[in-house]
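Let's take a walk through this one together, from the inside out. Have the model open in your viewer and follow along.

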Amino acid sequence: RDIRQLARKYPQIKFVDIIASRCIPDYPDALVPTILYYHQGNMVQKVTNAKPEGLVKFLNTILESIQ
């Protein structure tokens with residue numbers, strides 16, 4: 001899924017789409033996409049090499065945890 005689709009589906013979550021190699025030089029392609037979950041300014045969880053089905057499950061878990 002495209003990040004824009006996910007942002008529309010989950011308006012309660014802020015999505016930021018970045019080019020990994022522009023932020024972290026030599027970031028391994030095998031870790032892309034990487035999802036960083038921050039809550040109240042702290043990184044709570046990191047998921048690397050996220051597959052679409054796992055990402056949706058992860059996002060639903062986040063929503064459940066913040067409600």
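Which residues make up the largest nonpolar core? Keep in mind as you look that this is a predicted model. The core has 12 residues: Leu6, Tyr10, Ile13, Ile35, Tyr37, Ala50, Leu55, Val56, Phe58, Leu59, Ile62 and Leu63. Two elements, β1 and α3, each give two or more residues to this core. The top contributor is α3, with 6 residues. That fits a familiar pattern: in soluble globular proteins, nonpolar side chains tend to be buried together.

Now step back to the chain as a whole. You'll find 3 helices and 2 strands in the protein chain, and reading from the N terminus, the elements go α-α-β-β-α. Along the principal axes, the C-alpha atoms fill a box of roughly 35 × 25 × 15 Å. There are 67 residues in the protein chain, and 19% of them are buried. As for contacts between residues at least 6 apart in sequence, 34% join residues at least 24 apart.

Back inside, let's look at the aromatic rings. The count here comes to 1 aromatic pair. Tyr37 and Phe58 form that pair, arranged edge-to-face, with 6.4 Å centre to centre and 90° between the planes. The pair links distant parts of the chain, since Tyr37 sits in strand β1 and Phe58 in helix α3 (residues 52-66), 21 residues apart. Both Tyr37 and Phe58 are buried, and both belong to the largest nonpolar core.

Ile35, another member of that core, is a good residue to click on next. Leaving aside residues up to four places away in sequence, Ile35 touches Gln45, Lys46, Val47, Ala50, Leu55 and Phe58. Among these neighbours, Ala50, Leu55 and Phe58 are core residues too.

Then turn to the outside. The accessible surface of the protein chain comes to about 5400 Å², and 52% of it belongs to carbon and sulfur atoms. Part of the surface is a nonpolar patch formed by Leu36, Tyr38 and Met43, which together have about 310 Å² of accessible area. Leu36 is found in strand β1 (residues 34-39). Is Leu36 buried or partly exposed? Leu36 counts as partly exposed because its relative accessibility is 42%, and that class lies between the buried limit of under 20% and the exposed limit of over 50%. So strand β1 holds Leu36 of the surface patch as well as Tyr37 of the aromatic pair.

Notes. Residues are numbered from 1 along each chain as its sequence is written. This is a predicted model: local features need pLDDT of at least 70, side-chain atom pairs count only at pLDDT 80 or more; totals for chains, interfaces and linings use all residues. Side-chain values use heavy atoms; hydrogens and water are left out. Patches are made of residues with over 30% relative accessible area and no salt bridge: like charges are joined within 9 Å, nonpolar side chains (Val, Leu, Ile, Met, Phe, Trp, Tyr) within 5 Å. Accessible areas come from the Shrake-Rupley method with a 1.4 Å probe; for residues, only the protein chains shown count as cover. A salt bridge is a side-chain nitrogen of Lys or Arg within 4 Å of a carboxyl oxygen of Asp or Glu. Helices (H or I, at least four residues) and strands (E, at least two) are DSSP runs, numbered from the N terminus. Buried means under 20% relative accessible area, exposed over 50%, partly exposed in between (1.4 Å probe, protein chains only). Rings of Phe, Tyr and Trp (its six-membered ring) pair if their centres lie within 6.5 Å; planes under 30 degrees apart count as stacked, over 60 as edge-to-face and the rest as tilted. A nonpolar core is a set of buried Ala, Val, Leu, Ile, Met, Phe, Trp, Tyr and Cys residues joined through side-chain atoms within 4.5 Å. Contact means heavy atoms within 4.5 Å.
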